[in-house]
Amino acid sequence: MPDARFQRRHYDELVRTKRRTLGCGLSCGYRDRYDPTLLDRRPALRRAWSKLLDDLLPEPAGALLDVGCGTAYYWPLLAERCERLVGVDLSPAMVRDGQRHRLESAATAGGGSLLGADGGALPLADAAFDVVLAVDALHHAADLDLLLAEIRRVLAPAGRLLAVEPNVVNPVVFVAHLVPPEERGALWPNHPLAVRRALGRHFDQVRAEPVTYVSGLDSEPALKLVETVDPLLRVPPLSVLALRRIW
């Protein structure tokens with residue numbers, strides 16, 4: 001299973017050093033993936049997040065919990081789609097960085113609260129949320145069943161879990177997650193089939209849909225490429241190669 005202590009240390013260190021973690025144009029370093037100013041610096045990424053949230057939340061939600069929110073750099077877009085927003089993340093440093101930016105930036109100062117917490121022990125009341133969002137978070141769970149049980153507990157009876165997970169059947173996604181140790185160690189125990197089975201143990205209805213979302217977009221040409229292939233990768237049989245799946 002993924003080592004929670006390793007994951008926490010890795011992401012805390014990433015915030016402390018602000019370092020890159022890969023080269024050759026591929027990076028999951030701080031500035032490329034977690035810097036709270038990302039949406040301001042990368043209009044293409046802002047558009048990609050807007051398209052993803054259009055898929056996830058076509059109508060406004062009530063109370064929304066964001067599990068594995070990191071620095072919550074995308075919250076200016078997410079906060080527009082719900083009435084109450086709470087985020088939790090395993091990394092205290094990520095949470096502190098997100099909180100500091102929200103306090104310093106008038107554009108993101110309100111509309112939500114960030115908590116440092118283990119997903120297996122959420123410090124939240126039962127049935128408190130209408131929607132739980134988890135983007136690239138489930139495969140990092142040290143105990144996936146425990147995390148899903150906690151998510152089920154804090155969801156209202158008619159609440160929904162919206163989880164976006166990498167599709168390692170796609171060769172590009174496979175290679176991208178093979179290199180970084182924090183991803184390699186997380187994804188293989190909680191591979192897509194394991195996620196589907198675990199979801200079925202905790203939720204009555206489980207549905208998967210393909211989605212083409214790229215978290216590191218930094219240019220309009222890259223976004224155009226993604227937008228071109230997205231319709232193709234939503235239709236069988238090519239949908240098996242979608243970059244991610246929404247559960």
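**Exercise 1. Place Ser239 in its surroundings: is this residue buried or exposed, and which residues does Ser239 touch?**

Step 1. Start with accessibility: Ser239 has a relative accessibility of 11% and therefore counts as buried, since the cut-off for that class is under 20%. Keep in mind that you are working with a predicted model.

Step 2. Now find the residue along the chain. Ser239 sits in the loop between α11 (220-229) and β7.

Step 3. Finally, list the contacts, leaving out residues up to four places away in sequence. Ser239 touches Pro210, Leu233, Arg234 and Arg245.

**Exercise 2. Work out the charge environment of Glu165: which side chain of opposite charge is nearest, and which side chain makes a polar contact with Glu165?**

Step 1. Locate the residue first: Glu165 belongs to strand β5, which covers residues 155-166.

Step 2. Look for a charged partner. Glu165 is buried but has no salt bridge. The nearest side chain of opposite charge is that of Arg244, at 7.7 Å, and a salt bridge needs the nitrogen and the carboxyl oxygen to lie within 4 Å.

Step 3. Look for a polar partner instead. The side chains of Glu165 and His139 are joined by a polar contact of 2.9 Å.

Step 4. Complete the neighbourhood. Setting aside residues up to four places away in sequence, Glu165 touches Asp136, Ala137, Leu138 and His139, and also Leu243, Arg244, Arg245 and Trp247.

**Exercise 3. Trace the strand pairing around β5: which strands are joined to β5, and in which sense, parallel or antiparallel?**

Step 1. Check how enclosed the strand is. Nine of the 12 residues of β5 are buried, so the rest of the structure largely encloses this strand.

Step 2. Take one partner, strand β4 (residues 129-135). β4 and β5 run parallel and are joined by six bridges. Within this pairing, Val164 in β5 has Val135 opposite.

Step 3. Follow the connection between these two strands. From β4 the chain passes through helix α7 (residues 144-154) to reach β5, giving a right-handed β-α-β crossover.

Step 4. Take another partner, strand β7 (residues 244-246). Here the strands run antiparallel, with three bridges between β5 and β7. Pro166 has Arg244 in β7 as its bridge partner.

**Exercise 4. Do the same for β1: how many of its residues are buried, and which strands does β1 join?**

Step 1. Strand β1 spans residues 61-67, and seven of its seven residues are buried, so β1 is largely enclosed by the rest of the structure.

Step 2. With strand β2 (residues 82-89), β1 pairs in the parallel sense over six bridges. One of the matched pairs is Ala61 with Cys82 in β2.

Step 3. With β4, β1 also runs parallel, and three bridges join them. Asp66 is the residue opposite Leu133 in β4.

**Exercise 5. Survey the salt bridges: how many are there, and are the partners in chosen pairs buried or exposed?**

Step 1. Get the total: the count comes to 15 salt bridges.

Step 2. Inspect a pair within a helix. Glu13 and Arg16 form a salt bridge with closest N and O atoms 2.7 Å apart. Both residues lie in helix α1 (residues 4-17), three residues apart, or about one turn of the helix. Glu13 is partly exposed at 30% relative accessibility, while Arg16 is exposed at 61%.

Step 3. Inspect a buried pair. Arg42 forms a salt bridge with Asp32, and the closest N and O atoms are 3.4 Å apart. The two are 10 residues apart: Arg42 is in the loop between α3 (38-41) and α4 (43-56), and Asp32 is in helix α2 (residues 30-33). Arg42 is buried at 10% relative accessibility, and Asp32 is buried with a relative accessible area of 10%.

Step 4. Add another pair. Arg207 and Glu209 form a salt bridge, the closest N and O atoms being 3.2 Å apart. Arg207 counts as exposed at 61% relative accessibility, whereas Glu209 is partly exposed at 36%.

Step 5. Finish with a network: salt bridges link Arg47, Glu220 and Glu227.

Key. Residues are numbered from 1 along each chain as its sequence is written. This is a predicted model: local features need pLDDT of at least 70, side-chain atom pairs count only at pLDDT 80 or more; totals for chains, interfaces and linings use all residues. Side-chain values use heavy atoms; hydrogens and water are left out. Helices (H or I, at least four residues) and strands (E, at least two) are DSSP runs, numbered from the N terminus. Buried means under 20% relative accessible area, exposed over 50%, partly exposed in between (1.4 Å probe, protein chains only). Lys and Arg count as positive and Asp and Glu as negative; His and the chain ends are not counted. A polar contact is a pair of N or O atoms within 3.5 Å; within protein, one must be able to donate a hydrogen and the other to accept it, and residues adjacent in sequence count only if both atoms are side-chain atoms. Contact means heavy atoms within 4.5 Å. Two strands pair if DSSP finds at least two bridges between them. A crossover is right-handed if, with the strands pointing away from the viewer, the path from the first strand over the helix to the second runs clockwise.
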